[in-house]
Amino acid sequence: QVQLVESGGGLVQAGGSLRLSCAASGSIFRINTMGWYRQAPGKQRELVAMITRGGRTNVADSVKGRFTISRDSAKNTVTLQMNSLELEDTAVYYCNMEVSTSITRSLEVWGQGTLVTVSS
């Protein structure tokens, strides 16, 4: 199967920066989309940003201009650079990938989540 391991969460003051990384391992033929979602307390999980194999990105309006998503397909990793963090960015951030394990089989994989806490 496929596993995702996230790193980089933590506590940061408002206005600061954090960098989240997610690495995939296991039975990987190809990784299609890579992305980050987040879930704040009492709220639904929402898309933060995603990136296709071709490099096209989709970034939530709430973080546009502050967060940047990038990928290294050779290393099966995706990174979320978060700048100018706001209190409202506090959430558990989840890595998500659509992984092809063969030419004919794909599956959606989630990371375990990493907590980002922004303080005033």
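In strand E10, Asn-96 has Trp-110 as its bridge partner. The model discussed here is predicted. Strand E9 (residues 91-100) and E10 run antiparallel and are joined by five bridges. The connection from E9 to E10 is a hairpin of five residues.

The side chains of strand E10 (residues 106-110) alternate between two faces. Leu-107 and Val-109 point to one face and are buried. Ser-106, Glu-108 and Trp-110 point to the other face and are not buried. Trp-110, the bridge partner of Asn-96, thus belongs to the face that is not buried.

A further part of the model is an open sheet of four strands, in the order E1-E3-E8-E7 and with antiparallel pairing. Its edge strands are E1 (2-7) and E7 (67-72), each of which pairs on one side only. On average, neighbouring strands of this sheet are turned by 15 degrees against each other, direction ignored. Within the sheet, E7 is joined by six bridges to strand E8 (residues 77-82), and the two run antiparallel. Arg-71 has Val-78 in E8 as its bridge partner.

The two antiparallel pairs described above are listed here.

| Strand pair | Bridges | Direction |
|---|---|---|
| E9 and E10 | five bridges | antiparallel |
| E7 and E8 | six bridges | antiparallel |

The loop between strand E6 (57-59) and E7 contains Asp-61. Is Asp-61 buried or exposed? Asp-61 is exposed, because its relative accessible area is 65%, and exposed means over 50%. The C-alpha atoms of Asp-61 and Asp-89 are separated by 13 Å, and the two residues are 28 residues apart along the chain.

Note on methods:
Residues numbered from 1 in each chain as written. Predicted model: local features only at pLDDT ≥ 70, side-chain atom pairs only at ≥ 80, totals over all residues. Heavy atoms only, no water. Pairing = 2+ DSSP bridges. Axes fitted to C-alpha atoms, helices over the stretch in contact; angles between N-to-C directions. Buried < 20%, exposed > 50% of the residue type's maximum accessible area, 1.4 Å probe, protein only.
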